[in-house]
Amino acid sequence: MDFQPTEEQQMLREAVRTFAEKELRPIAFTQEGRGDYPPEVYREMAAMGLFGMTLPEEYEGGGRTPVDAIMVMEEIGRVDPVAAGIVFGANFGPIRAVAVYGTDQQKQKYIPPVCRGEASMSIAITEPTAGSAATELKTRAVRDGDHYVLNGAKSFISEGNRADAFMVYCRFGEGLEGIGSIIVDRDTPGFTVGRDEPNMSGAIQNQLFFEDAIVPSDNVLIERDGFRKMMMAFNAERCGNSTMSLVTAQCAFEKALEYSQERAQFGRPISEFQGIQWMLADMKVKIDAARLLIYRAVINGEQGFPSRLEAATAKVFSNEMAVEVTNSALQIFGGYGYSREYPMEWLVRFARGWTIAGGTAQIQRYNIAAELLKGRDSRR
């Protein structure tokens, strides 16, 4: 197995690293998780082809592999994890499901604007009474002529304040086979976005409300028996989620490594103390292990979507690794790490959310066990 990037991938990494150091480092950690960058930053990222890298070339995508997108996220995220999240959404988010399952009309409408950095799409699964139990969602779409009438509500929706369209998981009928998804444009009649609700990392989340929302039938992505297909697509998003944990940990590790060589106590840099050295070594081991799990899941799923087992394994390990590494990095910074004048406490807060988003660590353990014990599903 070759772990070395190709010459083309190495050139891509170097170009993105140069961009990140020049354009992102001066403004990193100034947005408190909101990603409100100057418009020119988005334009340059789009010009570099970082949006829609994994999407088909015939729809203005890059036609690159998911591994290329992960490499880009790593180079950007080591400088600013929030900026890596923008690349995440434009490559591993719901737009990838549109590229695989959507009609040509849907692809023509939604993919090119994402690739140009002119639009974004958010995913809407969670409801007030359906979190980990996504099969219990109540949002319902009822056919009425050439459109569907959508009623229900969604909670904790990332990018709800700015997304141009939403891939909404909903019911077309009863039972598991009645769950599908429909694309809801922001200006849809009967659709409203609730107030901004910042989470503990400062990122904005919103509730979505559908009150007899009128959605064209052409916007149905998957109508019947679509839950399994959508969960397959969600495995790709979980690999993106895992990568967000990876880049957050890498960012914290690099800052702690540098600080340990600058901070002196008892007449010498704290990096010379064995206690600090072992912390740094453990952080490095955990980061590299997470990276390998993510790459395995993504590479094995390049012809479609990553498997449930490998995506869940990568996610649970990466999510919990990031919590451990950012906490260790904060500890190395000592009192400065706990101060809001430094980014370490924010990195701890940012890392924590990924263990919940995209399926909790506990749900991932269930997914792993369910794959190991085929036919012995214990979930009621």
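These exercises work through packing, burial and backbone features of a predicted model.

**Exercise 1. Aromatic pairs**

Task: Classify the pair formed by Phe 29 and Trp 346, and state where each residue sits.

Solution:
- Start with the whole structure: the search finds 13 aromatic pairs.
- Phe 29 and Trp 346 make one aromatic pair, with ring centres 5.8 Å apart.
- The planes meet at 75°. Angles over 60 degrees count as edge-to-face, so the pair is edge-to-face.
- Now place the partners. Phe 29 lies in the loop between helix H1 (7–24) and helix H2 (39–47). Trp 346 belongs to helix H11 (residues 344–353).
- The two residues are 317 residues apart, and the pair links distant parts of the chain.
- Check exposure. Phe 29 has a relative accessible area of 28%, so Phe 29 is partly exposed. Trp 346 has 5% relative accessibility and therefore counts as buried.

**Exercise 2. A second pair and the cluster**

Task: Classify the pair formed by Phe 88 and Trp 354, then name the aromatic cluster that contains both residues.

Solution:
- The centre-to-centre distance for Phe 88 and Trp 354 is 6.2 Å.
- The planes are 65° apart, and the pair is edge-to-face.
- Phe 88 sits in helix H4 (residues 81–89). Trp 354 sits in the loop between H11 and helix H12 (361–372).
- The separation is 266 residues, and this pair too links distant parts of the chain.
- Both Phe 88 and Trp 354 are buried.
- Put the residues together: one aromatic cluster is formed by Phe 29, Phe 88, Trp 346, Phe 350 and Trp 354.

**Exercise 3. A charge over a ring**

Task: Which ring does Arg 268 lie over, and at what distance from the ring centre?

Solution:
- The ring is that of Phe 273, and Arg 268 lies over its face.
- The distance from the ring centre is 4.3 Å.

**Exercise 4. Cysteines**

Task: How many disulfides does the count come to? Are Cys 115 and Cys 239 buried or exposed?

Solution:
- A disulfide is a covalent bond between the sulfur atoms of two cysteines.
- The cut-off is a pair of sulfur atoms within 2.5 Å. By this rule the count is zero disulfides.
- Buried means under 20% relative accessible area.
- Cys 115 has 6% relative accessibility, so Cys 115 counts as buried.
- Cys 239 has 1% relative accessibility, so Cys 239 counts as buried too.

**Exercise 5. Packing around helix H7**

Task: Work out how H7 is oriented against H8 and against H11.

Solution:
- Take H8 to begin with. Helix H7 (residues 227–262) and helix H8 (residues 274–300) pack with axes 10 Å apart.
- Their angle is about 155°. Angles over 145 degrees count as roughly antiparallel, so H7 and H8 are roughly antiparallel to each other.
- The crossing of H7 and H8 is left-handed.
- Turn to H11. The axes of H7 and H11 come within 10 Å and cross at roughly 160°. H7 is therefore roughly antiparallel to H11.
- The crossing of H7 and H11 is left-handed.
- Finish with a residue on H7. Thr 248 is in helix H7, and at 0% relative accessibility Thr 248 counts as buried.
- Thr 248 and Phe 88 are 160 residues apart in sequence. Their C-alpha atoms are 13 Å apart in space.

**Exercise 6. Positive phi**

Task: Locate Glu 60 and Asp 212, and give their phi values and exposure.

Solution:
- Glu 60 has phi near 75°, a positive value in a residue other than glycine.
- Glu 60 lies in the loop between H2 and helix H3 (66–77). Its relative accessible area is 44%, so Glu 60 is partly exposed.
- Asp 212 has phi near 55°, again positive in a residue other than glycine.
- Asp 212 is in strand S8 (residues 204–216). At 49% relative accessibility, Asp 212 counts as partly exposed.

**Exercise 7. Sequence distance and space distance**

Task: Give the sequence and C-alpha separations of Glu 127 from Ala 153, and of Val 348 from Leu 137.

Solution:
- Glu 127 and Ala 153 are 26 residues apart in sequence, and 6.2 Å apart in space.
- Glu 127 is in the loop between strand S1 (121–124) and strand S2 (140–144). Its relative accessible area is 5%, so Glu 127 is buried.
- Val 348 and Leu 137 are 211 residues apart along the chain, and their C-alpha atoms are separated by 31 Å.
- Val 348 is in helix H11. With a relative accessible area of 19%, Val 348 is buried, because the cut-off is under 20%.

Methods: Residues are numbered from 1 along each chain as its sequence is written. This is a predicted model: local features need pLDDT of at least 70, side-chain atom pairs count only at pLDDT 80 or more; totals for chains, interfaces and linings use all residues. Side-chain values use heavy atoms; hydrogens and water are left out. Rings of Phe, Tyr and Trp (its six-membered ring) pair if their centres lie within 6.5 Å; planes under 30 degrees apart count as stacked, over 60 as edge-to-face and the rest as tilted. Helices (H or I, at least four residues) and strands (E, at least two) are DSSP runs, numbered from the N terminus. Buried means under 20% relative accessible area, exposed over 50%, partly exposed in between (1.4 Å probe, protein chains only). A charge sits over a ring if NZ of Lys or CZ of Arg is within 6 Å of the ring centre and within 35 degrees of the ring normal. Axes are lines fitted to C-alpha atoms, for helices over the stretch in contact, and angles run from 0 to 180 degrees between N-to-C directions. Angles under 35 degrees count as roughly parallel, over 145 as roughly antiparallel, 65 to 115 as roughly perpendicular and the rest as oblique. A crossing is left-handed if the near helix is turned anticlockwise from the far one by less than a right angle, and right-handed if clockwise.
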